[in-house]
Amino acid sequence: MNNFDYLKAGNIQDAIGKSESGRKSSYIAGGTNLLDLMKYDLAHPTTLIDINHAGTQDAVTETENGGLRLSAFATNADTAWHPLIEERYPLLSKAMLAGASAQIRNMATNGGNLLQRTRCYYFYDANVPCNKREPGSGCSAIQGYNRIMAILGTSEHCIAVFPSDMCIALAALEATVNVEGPNGPRSIAFADFHRLPGDTPELDNNLLPGEIITSIDLPPQGFSDHYSYLKLKDRNSYAFALVSVATGLEMEGDIISNARIALGGVAHRPWRVPEAEEFLVGKTASEANFAQAADIILRGAKGYQYNDFKIELAKRAIIRNGLMALNPETQVPGALPSA
Ligand SMILES: Cc1cc2nc3c(=O)[nH]c(=O)nc-3n(C[C@H](O)[C@H](O)[C@H](O)COP(=O)(O)OP(=O)(O)OC[C@H]3O[C@@H](n4cnc5c(N)ncnc54)[C@H](O)[C@@H]3O)c2cc1C
Ligand code: SF4
């Protein structure tokens, strides 16, 4: 057992101040990831700063541009079930409800979801080399059992995937992450928030020390008419994605006028390829066109033996989810698309 101090922050500035004065401090929200990391002896904060009351827990508020703002301190459950999210951003609601379990979603916060760490088995085993846990020690997954690992954007130093469901929808929706820190507030486009491993796999994202996520903004376009989130996993409930796809389409008759496709379970961050989305604009939403878009998205994909299957699985998932997005109201969990 490592001793640590526990402090409660009353507001954002209080939290930032406490983090600057704390030795090796860490913010804690729902604790659903951080406490596991501490129990596995992977995180050793000497000061825990409870931020659950640092900001509003009102899950959702309207923004002036017609979008919505999600509080970073609200739970995944309160956000996913919020009537405005269900009505205007059902893609996000569906992705969030595909994650974890009802109990965990009642504790897990939106800010914490963005910062959860990989589920790579070797990362959680402190007895084996892992560059993410201990830079320079090596990567046990590349030659090891790598069924759940990445096929895109990998490096020789790390092939881990980012495990969130919520973030795959946020990537497709082009959300913005609002943060405050010792140097003041700033906003980060979702595409720039998470990182590829490169030669610094220990860094998951571009948050600076002491920065706190305060909210996440959704732009007005929620793709509520044509959307689908498909999560493929080893068992039907309570598992992380092998491959997931968030698709949003705008249609003019039979023709796609706007498309978003983001993949989860395949890379160190949510994976989007704008070229594939542009390819779909002006085309019919056919199996053949989604297949061509999938080929563009998966260009350069590389398997590491036990995860080779993900390349074909991802292609099929992109096609299937594109067809499902056409008629969201007919989606039944586990059902095949009718088209
Ligand atoms: C068994 C299990 C199954 C799961 N399955 C899924 C799944 O299928 N899909 C999925 O998406 N997720 C899944 N999760 C992950 C879960 O969604 C995350 O653990 C949760 O979202 C983290 O939120 P939290 O508030 O508990 O974060 P915490 O554990 O409190 O914190 C996590 C990290 O974020 C930091 N942090 C938290 N909030 C902020 C903030 N506002 N600003 C700055 N730093 C902050 C903390 O310092 C810490 O480093 C699962 C978790 C478990 C335990
Ligand atoms: S894939 Fe990344 S997290 Fe997993 S063992 Fe290799 S370096 Fe560590």
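A cavity here is a set of grid points, over the protein atoms alone, where a 1.4 Å probe fits but cannot get out. With that in mind, welcome to the tour; the model on your screen is a predicted one.

**Stop 1: the whole structure.** Keep everything selected to begin with. Searching the full structure for cavities of 30 Å³ or more turns up 3 of them. The largest has a volume of about 100 Å³.

**Stop 2: the largest cavity.** Select C120, C130, C139, C158 and A160, which are the closest to the centre of this cavity among the 17 residues lining it. Now colour the lining by class: you should find 11 nonpolar residues, 5 polar ones and 1 charged one.

**Stop 3: ligand 2.** What sits in the largest cavity? Ligand 2 does. Show the residues with a heavy atom within 4 Å of ligand 2. There are 13 residues around this ligand, and C120, C130, C139, C158 and I159 come nearest. By class, the shell of ligand 2 consists of 9 nonpolar, 3 polar and 1 charged residues. Keep C120, C130, C139 and C158 highlighted for a moment: these four cysteines are listed among the residues closest to the cavity centre and also among those nearest to ligand 2.

**Stop 4: the second largest cavity.** Next, select R117, T118, K132, A160, V161, F162, H194, D204 and H268, the residues that line the second largest cavity. Its volume is about 60 Å³. How does this lining divide by class? It has 3 nonpolar, 3 polar and 3 charged residues. Finish on A160, which lines the second largest cavity and is also one of the residues closest to the centre of the largest.

Technical notes: Residues are numbered from 1 along each chain as its sequence is written. Chains are lettered from A and ligands numbered from 1 in the order in which they are written. This is a predicted model: local features need pLDDT of at least 70, side-chain atom pairs count only at pLDDT 80 or more; totals for chains, interfaces and linings use all residues. Side-chain values use heavy atoms; hydrogens and water are left out. On a 1 Å grid over the protein atoms alone, a cavity is a set of points where a 1.4 Å probe fits but cannot get out, and a pocket is an open set with protein on both sides within 12 Å along at least five of seven lines; lining residues have an atom within 4 Å of a point. Grid points are joined across faces, edges and corners, and a volume is the space filled by probe spheres set on the points. Ala, Val, Leu, Ile, Met, Phe, Trp, Tyr, Cys and Pro count as nonpolar, Asp, Glu, Lys and Arg as charged, and the others, Gly among them, as polar. A molecule sits in a cavity or pocket if more than half of its atoms lie within 2 Å of its grid points.
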